[in-house]
Every structure is written in structure tokens, then in C-alpha cells.
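User: Could you take a close look at the place where the two chains meet, and walk me through it in one go? I'd like the charged pairs in particular, and then whatever else helps me read the picture.

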Amino acid sequence: MSGALYLAWRYVLYHRVKTLILVVSLTVSMVLPLATHLLIERYDQQLRARATKTPLLIGAPGKRFDLVLKALYFTDAQVDSVHMSDVEELRAGSWGTPIPLELSYTVQRGEFPIVGTTLDYFGFRKLRVAEGTLPLRLGDTVLGADLARELDLGPGDHIFSDQRQLYDITQTYPLKMKIVGVLKKAGTPDDLAAFVDLKTTWIIAGISHGHQDVVRPDIDPAMIMQRDEEGVVTNPGIVEYNEVTDENIDSFHTHAQPEELPLSAIIVLPDSPKAATILKAEYQRLDRAQRMLVPADVVDELMARVIRVRRLFDACFATIAFATLLFLVLVVLLSARLRAREMEIMSHIGCSRWTAFNLHATELGIVLAFSVALSGVIAGLVVACVPQLAHIL
Amino acid sequence: MIDSEDIISLEDVAFGYPTGGFELHIPALGIRPQERVAVIGPSGSGKTTLISLIAGLLTPRSGHVRVADLALSAASDTHRRSFRIANIGFVFQEFELLDYLSVRENILLPYRVSNALCLTRDVRDRAAELAESLHIADKLGRYPRKLSQGERQRVAICRALITQPALIIADEPTGSLDVETAADMLDLLFTVAEQHDATLLVVTHDRALLDRFDRTLGMRALTAGIHA
């Protein structure tokens, strides 16, 4: 170790508190912009990666940011519904593959979304099961990797959907869903979702249901309010199932028409660029009750706003950095004054001017090196520890 | 008087600070090797200026300063610094140890701040021997603030001697000491100077100590010259 480096090292070690204050001050001024920059960079990548892989999105007119964030990142934004009839219309048009999404429900007190969809979604997002199977049957669910790990659940376990209205007893009860599989980690919001078949979400919604067989001869007559050729009207006291089992699965049904079955959004995978263009044109018609979005464009617009906000932050950080720099200069000047006698002694002994300068510079260098290293570590930890974007949004 | 064997010689030296008000003129001064010389005089008489000229910390406006065959007055600042670190040992009034270095590292300081000197195992051994001879061997790992006044002065002397200098300059080393400790300090300086064949130049205010020196240089206050 060179003399200046050794002496500088001894100095900063001996004056630990002063060094620590300097390092912390510098670290704070460095870590804030660095962590912000890294986080925005990371979120930008995450947002864009998912958006660019989602060619087209159909939803109800309203806030386009909400629709994209809801459909792609499963945020808790409220969006109006489109309907299953829209999916059927798309299928009939043969311009591409529609993937319906119903995202209105949650598990674990709203912490994690339930994603009602079709098996096409798993192929589209390249989601594979790590154990078990995909949700092939009504009432089945497959958990994202992080959700399964966080709740310590796996195939064979059960999970309840959240109570929708706690004080409204006419609402359906939470649905007890059977976990049939866990997905491989994808590094996307899918890791934190519970996937079910679309029809299962309608059971949670109370649109579909299963109940005691009212045509059985042994049914309690008090449960039957009216029986005629059109059907049977039952007493509300009839037992509705809150779990789909082998015994009762056949009893589940819906009385709703496709145009009454709600969806949060529909992802559309057009068969060709031409098909995409035709679809976009079709959904630009003013009489359309749905709107079609290109998620990548919406995310670009969103990030442009984020970057505008970041510039404001950058200005704040620059001010902090300038203040810290002034503080540092002040400390260096005061330190130089306090150590003037020490430098004089060194000069008497025969220390060169360069060595004296080197000593000060090395001390400052050590403080800066520690600050930079600490800033890097803290910024890295922040980026690593901050949860998935879906959690933030 | 100047002799060709003198280790220090000053000839027609004139010095004044840029701020003015003080002028030092030394027509001729010679100090022989291993001589023990006291420099006395009232405050402001130029004692510190004299030793600064001899150490090459200051350069005269005119005249010649020669120490151990080097014409200091003509040498560059860099040259004077490297000469000083290798040939002159300083003992300061307050000893001026660095609080963030241990006793061992304080003694070895000249080797840490000089590119010309190489810190070898021999040098470390020499530091240990010096500490042993000055009875501070058990304090080598301690920091100066944990030492007594007497121990600190011993460390300062070890630091002055570590480079085996031909000249030891002590600037009022007894200034802050009581009479008994001051006498001990001088004993110590005389002993180590003799052991290391070094010339000793001591600035002091204490006239009671003067008879122990080979020679006394008296500085006239604010004036020109030296009277022996």
C-alpha cells in the first residue's frame, strides 16, 4: 500500500464518525437518483416487454391507461365490462384469436387477482405448469409461482375467492377453489395471479351457480315457490354450492345470455398484419360500444408521462447533489484548515507537496469510493427487493 | 567562523519575510559535526527563521546555506524536501504526533510520506530498537492520546532518528515541560545524538540549560546577526 493511501486509510478509520457522516451524506445524494433511475428503467422494460407482446386489446370505452394496466398487469383499476358476445363476434369474424379476460375478483383480501380466462392465455403468455395441471375444470385454479410460494400452497390445497360484499347476505359466498397446479416462474405479473376458467369467475360473480336438484322428488316442498312448464322458482333458502365437486359439478349452470356475461377485456391475436389493420378500423367506428387499443402505444404514452415526472425528480436530485457537493467542499476546506498544522509538520519532515495533496485526495477518494459502492449496493437492493410491478401498480 | 569540515555553514545570509518588518543577516556561521548547539533569544529574534533556513524550509534572499555538502539555498524545493527527509530529524515543541497513527506508525512516518525512502524490515526493526532504547517498546501499538507527555516526547525523538539523520533540529522541545522533565529531555537528546553521531541544534528559552551545550548562539531581537 502506498504511503498516501496507507495514511489516508488510517485517517478515515480513526475518524470513523466523520467518515461515516460524509459517506452517508454522499450515499443519500447518489442513491436516490440511482435507485429511481434503475427502478424506472426496470419498470419501463417490464411494461414494454408485456405490452409489445400483446398486439391488440379490446375493452369498454374509458380510461385507456386503466384498461391496459388492468388487462396486462392485473391492477385493481375499475374498468367497465365488455361481454362474451364480443368474443363470439370476434371468433365469427375469423380475423384472429380472442382471449377473454375477467379480472374483477381477487383472493387474500384483494391482494392477488383472480384471472378468469381460457387455455389460449397460457399458450399466448408461454406459461407452463411446474407441478399439477392447468385449470381444466370448473372451480379449479392454478397459481402463479410467487403466489404459491407466498401462500405456501400447492396442488391439492384450496383457496377461497374474496367476499364481494361483506354485509350483503344476498351476495354469493366466496367460492372454494381447488388448486390443481402451480405455474413456472415467468418474471411477470402472472406469477402473482390465480388463474381460473372463465366460467369459474361467473360463479364467483353469482351469474352462474350450482344448487340442490329442484326436480328431485325428495326435495323439501317448502323450497319450491312455483313449478310450471316454464320452470321452477325456488325459495332463497335453497342450498347453493360454494365449491365445485365431482358430485355437484353437473348442477352448475347459468341463466345469462352471452351478452350478459361480463369480461374485463379481450386480448386479440390477429392472424396477420392485414387482419390487425381491419380489426383496428372496425373498432374505430363511432357506433362501437367497445374500443380497441394497441397496448405498446398506450405504454409509450404512459412512460412519456413518467419520464416527464422523472425530469422533475432529476431536478430535485440535482439540487440535493449540489447542496451535498457544497457541504463536501465545506468539510474539505474545514478539514484542510484543521489539519494545516499536520501538513506543516509533514512539510517540515520532508513530505512533498504532491504527497500532501495526494493524501487529501486519497482520503476524499476513499470516502467517494465507499459512497459509490454503498449507493450501488443500496440501489441494487432496492431494485431487487421492490416487488413486481404488479404489486406497485 | 566557517570551517571546511562544518556540517552546517551559512555565509552572508540575508532573509526577510515578504510582509517586511523583520530582517535577518548572518555574516558567517559554521557548526561542526556532532556539535551540540543551543539557539537562544527573545521571541521574534529569528530563532525559528534560522533553523528554517538551515532545514531548507526557507530560502535566503542572498547568501549561501550549506548543510552536509548540499547547497540548500540553491536547491529546488523538491530537492530540499528529499534532502530534509533523509538528513534532518525534527523534534517539535508539542511533539506533533499524528493522533490517527499508532506509536509505531508515527515513528515510521518519514518512510510513509517519502518516495525516496523505502520502508523495509530493517527500518521496522530499527524503529523497534529505538523504541526499546527509549523505553517505549511496549507502547508501539498505542495511539498518542493514550501516552503521557514523557512518552510522547520519546516517540517524537524516535521519529526524528528513524532516518538516521546527520542533523537533529529541536524547536523548543522543553518549552512545555517542567524543569526536571526538561532536563531529562535534554539528556535524552544528547544521548541519542551521541549514539547516532548526529549534530544537535536546539532552540530554547531556558538559559539554565545552556551550560550543557557545546556552544550557544544568541539571536538579537529583530536585528541582524548572531553573537556566539
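Analyst: Two salt bridges are counted between chain B and chain A. One salt bridge brings together the side chains of A:R353 and B:D77, with 3.4 Å from N to O. Bear in mind that this is a predicted model, and every value here is computed from it.

On the chain B side, two helices are worth finding on your screen: α2 (77–87) and α4 (109–112) each supply at least two residues of the side that touches chain A. The top contributor is α2(B), which gives four residues to that side. Sorted by class, the side of chain B that touches chain A has 11 nonpolar and nine charged residues, and no polar ones.

Now for the contact as a whole. Chain B puts in 20 residues and chain A puts in 23. Together the two chains bury about 2,100 Å², and carbon and sulfur atoms give 60% of that area. Three residues stand out here: B:R81, B:Y100 and B:R112 supply 35% of the area that chain B buries against chain A, more than any other three residues. Polar contacts also cross the interface, with 12 residue pairs found between chain B and chain A, both partners at pLDDT 80 or more.

A good spot to zoom in on is A:S347. This serine sits in helix α10 of chain A, which covers residues 340–349. The side chain of A:S347 makes a polar contact of 3.3 Å with the side chain of B:R81. Leaving aside residues up to four places away in sequence, A:S347 touches B:L57, B:R81 and B:R84. So which residue turns up both in this polar contact with A:S347 and among the three that supply 35% of chain B's buried area? That would be B:R81, which is joined to A:S347 by the polar contact and is one of the three residues behind that 35%.

Stepping back from the interface, the count of salt bridges over all chains comes to 28. Within chain A, A:R285 pairs with A:E282, their closest N and O atoms being 2.5 Å apart. A:R285 also forms a salt bridge with A:D287, this time at 2.9 Å. How open are these three? A:R285 counts as partly exposed because its relative accessibility is 39%, and A:E282 is partly exposed too, at 26%. A:D287 has 57% relative accessibility, so this residue counts as exposed.

Chain B has its own pair to look at: B:K139 and B:D138 form a salt bridge, with the closest N and O atoms 3.2 Å apart. B:K139 has a relative accessible area of 12%, so this lysine is buried, whereas B:D138 counts as exposed at 56%. Back in chain A, salt bridges that share partners join A:E89, A:E282, A:R285, A:D287 and A:R288 into one network.

One last thing, in case you were wondering about the cysteines. How many disulfides does a search of the whole structure find? Zero, over all chains. Two cysteines of chain B are still worth a glance: B:C118 is exposed because its relative accessible area is 53%, while B:C158 counts as buried because its relative accessibility is 0%.

Key. Residues are numbered from 1 along each chain as its sequence is written. Chains are lettered from A and ligands numbered from 1 in the order in which they are written. This is a predicted model: local features need pLDDT of at least 70, side-chain atom pairs count only at pLDDT 80 or more; totals for chains, interfaces and linings use all residues. Side-chain values use heavy atoms; hydrogens and water are left out. Contact means heavy atoms within 4.5 Å. Buried area is the accessible area (1.4 Å probe) that two parts lose on being put together, summed over both. A salt bridge is a side-chain nitrogen of Lys or Arg within 4 Å of a carboxyl oxygen of Asp or Glu. A polar contact is a pair of N or O atoms within 3.5 Å; within protein, one must be able to donate a hydrogen and the other to accept it, and residues adjacent in sequence count only if both atoms are side-chain atoms. Ala, Val, Leu, Ile, Met, Phe, Trp, Tyr, Cys and Pro count as nonpolar, Asp, Glu, Lys and Arg as charged, and the others, Gly among them, as polar. A disulfide is a pair of cysteine sulfur atoms within 2.5 Å. Buried means under 20% relative accessible area, exposed over 50%, partly exposed in between (1.4 Å probe, protein chains only).
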